[in-house]
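User: I'd like to learn how to read helix packing and internal holes in a model. Can you walk me through this one?

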Amino acid sequence: LVKEPGFEHAVRFVMPDVDYPAFVSGLTSISSQDAFQHEIMAPFLELLANKTTAGISVSGLENYNPAQACTFITNHRDIVLDASFLNLCFLRNNMPTSEVAIGNNLLIYPWIDTLVRLNKSFIVKRDLKITRALEAARQLSTYIHYAIGSKKQSVWIAQREGRAKDSNDRTQESLIKMLGLSGNGSFMENIDAVRLTPVSISYEYDPNDYLKAREFLLKRNNPDFKKSQRDDLFSMETGLLGHKGRVHFRIGHCISDELAGAHVESRSQVARKVCDILDRSIHCGYCIFPCNYIAFDRLEGTARYAEKYTGADQRRFNSYIEDQLAKVDVENISEEERGFMLETMLQMYANPLRNQLMAKECTLR
């Protein structure tokens, strides 16, 4: 890894003041994945948190018993940092970290493959033909069951392939069906065996919000638009180094007890029920920031949540949105297109509140 020029460039880019020879000396003395995470990744993530966030917090740690390995399943906001910051929360509290499911589309260079494996990641194969996709899904399911049942090692996986670019988080049924492909029991028992534990991730600000708005615009104007590898790299870099404000993780209860009381028959019904339980828990667990209330009120044209933010909060958020929109590098943007992107960005910030309101209403019924 340390012989790769790309790795050195990445390290110096993120840590401009690094003493690289000393860094390499420390890295090459590492003899285990746990040591790598404690001695290399934890200090790096703390540095990143200090530079790019207004603090990372966690609640619900009492719901995680390290003696019982589980599958942490979360909403997906940042390509790189969702699982990394969650594991940082565990490292801070002297708890075991999770293995991380990462898509092979992110392994743009061979050294990235090496780095993520050192960091307790396993690879999710994507964009395969149908026959190979089923084989890959079964292999992934088997590994997750093995990690939890035999290695007693918790794992992390996002609730869907790719990020919910509008922050309207929903669990994919295909992901749940994948988890049920392996095991020695019924479909329901196989899913129960991986002990699904929902985690809500809340970023006050999304550094990629304007890039997502740009993508929505380009796709609206040209349905065949596809992002380039360069776009993906820039998104990763922006998410990694951009300002995120406050970041909060809420760890929910393992859904096994709730699932045990469910009356379902077919696999599709089981998968749908699991998705509903996970979505409701994730939505209820969001930390709602002033910007979420402001975006909701702007879109609705009301002052329903005016007591949740100050005039200074409002001016700060409105200025932030304008500054982000100014970064969009599309030529000759019309007023209509700019208005479309503005509304898109406001939706990103309002949707967590919308979903939480609906989830809490369902819970009360």
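User: Let's start with the helices. At what angle do helix α9 and helix α10 pack, and how far apart are their axes?

Analyst: Keep in mind that this is a predicted model. Helix α9 (residues 209-221) packs against helix α10 (residues 229-241) at an angle of about 150 degrees, and the axes are 10 Å apart. Angles over 145 degrees count as roughly antiparallel, so α9 is roughly antiparallel to α10.

User: Which residues of α9 and α10 meet?

Analyst: From α9 you get Y210, L211 and R214; on the α10 side they meet D231, F234, S235 and T238. Sorted by class, that contact has three nonpolar, two polar and two charged residues.

User: Now the holes. How many cavities of 30 Å³ or more does a search of the whole structure find?

Analyst: The general idea first: roll a probe the size of a water molecule over the atoms, and you see where empty space is left. Here, the search turns up two cavities of 30 Å³ or more. The largest has a volume of about 160 Å³. It has 14 lining residues, and the closest to its centre are R77, S167, Y203, N292 and P352. β6 (196-203) and α15 (335-364) are the elements that give two or more residues to that lining. By class, the lining has nine nonpolar, three polar and two charged residues.

User: And what lines the second largest cavity?

Analyst: That one has a volume of about 30 Å³. Its lining is R77, D78, Y203, D206, P207 and K244, which divide into two nonpolar, no polar and four charged.

How values were computed. Residues numbered from 1 in each chain as written. Predicted model: local features only at pLDDT ≥ 70, side-chain atom pairs only at ≥ 80, totals over all residues. Heavy atoms only, no water. 1 Å grid on protein atoms, 1.4 Å probe; cavity = no way out; pocket = protein on both sides within 12 Å on 5 of 7 lines; lining within 4 Å. Points joined across faces, edges and corners; volume = space filled by probe spheres on them. Helix = DSSP H or I, 4+ residues; strand = E, 2+ residues; numbered from the N terminus. Nonpolar A, V, L, I, M, F, W, Y, C, P; charged D, E, K, R; others polar. Axes fitted to C-alpha atoms, helices over the stretch in contact; angles between N-to-C directions. Parallel < 35°, antiparallel > 145°, perpendicular 65-115°, else oblique. Contact = heavy atoms within 4.5 Å.
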